[in-house]
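Thanks for making the time. I have one model to go through today, so let me put it on the screen.

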Amino acid sequence: MAWAGMNWGLFKIIYRHTGEIGLDSGWHEHEFFIFLGTIWIINSLIQTLFMANAAEFSELIRTGNLDFALLKPIDTQFLISFPRINWSQLPNGILGVMLIAHSLSELMQEREIYFSVFSLPAFLFFIGCGAVVMYSVMICLASTSIWFGRNQNLYNFWFYITNFYRYPMEIYQRSGVGMALWGTFTFVVPILVVSNIPARILAQPLGTPWKPWEWGLAAYAIIGSIWSLMASRWVFKRALKSYRSASS
Amino acid sequence: MPTIEIKNLSKTYRVYQKQEGLLASIRGLFHREYREVHAVNDINLTVEEGEFVAFLGPNGAGKTTTLKLLSGVINPDQGSVKVLGHVPWERENEYRRKFALVMGQKNQLWWDLPAMESFRLNQHIYCVPKDEFERTRDELCEMLNVTSLLGRPVRELSLGERMKMELIAALIHKPDVLFLDEPTIGLDVVAQHKIQEFLKAYQQEQNNTILLTSHYMKDIEALCKRVVIIAHGSIYHDGSLEDIVDQFSGDKIVTLQLHDDRSLEAISKIPNLIEIDAPKIKFRVDRDGVGRVLSQILSEHAVDDIVVEDPPLEEVISNVFSQAEEKNRREVETLPNS
């Protein structure tokens with residue numbers, strides 16, 4: 001929660017100096033805080049449901065205790081993904097909901113925001129897509145422990161990668177390096193899409209109706225989620241083939 | 001169809017050879033040296049339904065690796081295995097419901113929760129109906145005398161109690177095939193004996209196929225008619241326990257209780273003397289010469305009691321391991337330098 005507070009405070013300071021992130025991107029202060037709340041929700045979901053389990057998976061590989069998961073007549077990826085829930089990470093998600101609610105009410109006083117009966121289900125659906133993509137990235141990272149023997153840097157890797165999905169994608173579209181990052185994290189590891197789409201549903205930075213490319217991006221978020229899950233499944237199964245257990 | 005059919009099974013590990021010191025660690029970042037360890041080397045084995053087979057071998061012989069291959073935990077480099085008609089490393093759920101692996105050195109129960117919770121989880125994972133689960137659990141707990149411990153956290157159980165719980169957790173779904181990797185390691189003789197008795201009774205009742213690895217010869221003597229000796233990843237001998245003693249122990253141990261000290265003094269000059277504990281004397285005799293030696297002694301001395309027995313199984317097996325070691329050393333020496 002302290003981290004969330006600092007995060008919020010930092011952007012509050014930044015918005016003292018600028019009205020918008022990216023020229024004509026529409027990410028003004030309230031829109032951006034809706035984006036930030038969305039990120040907090042996805043992060044909280046991942047850290048509550050998967051983070052501890054992924055770290056535990058690396059430890060199971062190192063100690064050879066993955067043997068017992070492989071013996072059970074149940075999908076091994078499922079078994080190692082959900083053994084425990086880390087409830088202490090849930091408050092950040094609740095803060096995210098509160099930040100979105102507050103920013104949305106402020107925004108609605110400034111301009112018109114279009115809502116339909118599909119808005120909330122669509123927002124939740126794309127949050128789910130985001131969780132799926134981030135889970136897939138985490139499983140891929142954790143699976144590398146099978147090849148490397150141990151992977152104590154899982155949290156570091158996670159931090160580096162999630163650094164790129166915490167901002168509106170427009171910030172990457174001003175330079176060659178930025179475009180390369182945007183392309184990588186949109187089409188190869190689609191983490192940018194799944195954080196931007198749900199935020200755009202509520203914040204509507206470019207107003208309504210959505211532009212055609214925004215619809216395309218939403219469709220790609222769904223495809224990207226499916227592709228990420230399939231890719232993580234492939235990496236996981238491939239890694240299991242190389243599993244060598246540990247001496248007893 | 002045999003329950004377990006292994007053909008030309010091999011598994012080789014590539015092991016990083018790290019030298020001592022910081023410089024070597026830095027060098028290792030750029031140039032790594034590996035050594036190949038042939039954990040399992042071209043094994044062929046068939047086990048029929050209802051057999052209780054012992055897998056013996058020195059540490060690092062490949063026993064546990066073979067069990068892990070049969071359980072589908074690891075994939076082989078070459079060869080084929082069928083257990084109950086399934087290829088283990090395809091990890092079909094249908095196969096995984098039919099076998100269990102118990103490892104004496106590893107704990108698969110939830111450490112902080114009572115064993116009962118782990119049993120319940122296994123019930124759901126293995127889809128055991130509630131009535132059947134409760135019946136099996138109660139039967140097993142009664143056989144192992146641990147009913148009163150079901151509610152105690154696993155971390156508070158003794159090693160023997162924990163191993164009994166491990167066995168119950170593994171047997172809750174009534175597996176057709178059971179792989180036991182040193183299930184009595186570290187246990188005191190009482191706990192060892194209890195587990196031996198339990199395994200014997202359970203196997204007779206269920207007629208399941210069991211592969212057991214153990215370094216305790218008492219386990220092997222009590223439970224297994226067939227013994228497979230594995231050394232350096234290869235099967236060195238496959239036969240009955242009696243065969244092993246006959247084949248690998250050329251001697252018998254004779255203990256005489258003599259009537260007077262004069263006889264003791266005379267016989268004490270016999271070759272291969274083991275010990276004298278008057279009025280008893282213990283010595284080794286070549287198997288073929290037992291009759292001749294005894295008739296000669298009996299004709300010259302008064303003997304109150306005679307015991308002729310095989311050497312301890314530990315000693316026989318140790319001889320087998322030494323011979324296997326020697327054979328492997330010779331094979332390595334005769335390999336052409338490549």
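I will take confidence first, then the helix packing in chain A, then chain B, and finish with the contact between the two chains.

What you see is a predicted model. It scores ipTM 0.80 and pTM 0.82. Chain A has an average pLDDT of 86, with 98% of the residues at 70 or above. For chain B the mean pLDDT is 89, and 99% of its residues reach 70 or more.

Where in each chain is confidence lowest, and where is it highest? In chain A the low end is helix 7, residues 154-163, with a mean of 78. The high end in chain A is helix 4, residues 76-81, at 92. In chain B, helix 12, residues 313-334, is lowest with a mean of 80, and strand 4 is highest at 95. As a general caution, predicted coordinates should not be read in detail where pLDDT is low.

Now the packing in chain A. I have two helix pairs to show, and helix 2 of chain A, residues 29-63, takes part in both.

Start with helix 1 of chain A, residues 2-17, against helix 2 of chain A. The axes are 11 Å apart and the packing angle is about 160 degrees. An angle over 145 degrees counts as roughly antiparallel, so helix 1 of chain A is roughly antiparallel to helix 2 of chain A. The crossing of these two helices is right-handed. Which residues meet here? From helix 1 of chain A they are A:Ala4, A:Asn7, A:Trp8, A:Phe11 and A:Tyr15. On the helix 2 side of chain A they are A:Glu29, A:Phe32, A:Leu36 and A:Trp40. By class, this contact between helix 1 and helix 2 of chain A has 7 nonpolar residues, 1 polar and 1 charged.

The second pair is helix 2 of chain A with helix 9 of chain A, residues 191-203. Here the axes are 9 Å apart, and the angle is about 135 degrees. Helix 2 and helix 9 of chain A are therefore oblique to each other. Their crossing is right-handed. Helix 2 of chain A brings A:Glu31, A:Ile34, A:Phe35, A:Thr38, A:Ile39 and A:Ile42 to this contact. Helix 9 of chain A answers with A:Ser195, A:Pro198, A:Ala199, A:Leu202 and A:Ala203. The split for helix 2 with helix 9 of chain A is 8 nonpolar, 2 polar and 1 charged.

On to chain B. Chain B is divided into domain 1, 4-246, and domain 2, 250-309. The C-alpha centres of these two domains of chain B lie 44 Å apart.

One helix pair in chain B is worth a slide. The axes of helix 4 of chain B, residues 115-125, and helix 6 of chain B, residues 159-171, come within 9 Å and cross at roughly 15 degrees. Helix 4 and helix 6 of chain B are therefore roughly parallel to each other, and their crossing is right-handed. Helix 4 of chain B makes the contact through B:Ala115, B:Ser118, B:Phe119 and B:Asn122, and helix 6 of chain B through B:Met165, B:Ile168 and B:Ala169. That contact has 5 nonpolar residues, 2 polar and no charged.

Two backbone details in chain B. The peptide bond from B:Ala278 to B:Pro279 is cis, with omega near 5 degrees. B:Pro279 sits in the loop between strand 11, 273-277, and strand 12, 280-286, of chain B. The other detail is B:Arg91, which is not a glycine but has a positive phi of about 50 degrees. B:Arg91 is in the loop between strand 4, 78-83, and helix 3 of chain B.

Last, the contact between the chains. How many residues of each chain take part? There are 20 from chain B in contact with 13 from chain A. On the chain B side, helix 2 (63-71), helix 3 (93-96) and strand 5 (99-103) each supply at least two residues. Helix 2 of chain B gives the most, with 3 residues. The chain B side that touches chain A divides into 7 nonpolar, 7 polar and 6 charged residues.

That is what I have.

Technical notes. Residues are numbered from 1 along each chain as its sequence is written. Chains are lettered from A and ligands numbered from 1 in the order in which they are written. This is a predicted model: local features need pLDDT of at least 70, side-chain atom pairs count only at pLDDT 80 or more; totals for chains, interfaces and linings use all residues. Axes are lines fitted to C-alpha atoms, for helices over the stretch in contact, and angles run from 0 to 180 degrees between N-to-C directions. Helices (H or I, at least four residues) and strands (E, at least two) are DSSP runs, numbered from the N terminus. Angles under 35 degrees count as roughly parallel, over 145 as roughly antiparallel, 65 to 115 as roughly perpendicular and the rest as oblique. A crossing is left-handed if the near helix is turned anticlockwise from the far one by less than a right angle, and right-handed if clockwise. Two residues are in contact if their C-beta atoms, placed from the backbone, lie within 7 Å. Ala, Val, Leu, Ile, Met, Phe, Trp, Tyr, Cys and Pro count as nonpolar, Asp, Glu, Lys and Arg as charged, and the others, Gly among them, as polar. Domain bounds come from an automatic or database domain assignment. pLDDT is the predictor's confidence in each residue, from 0 to 100.
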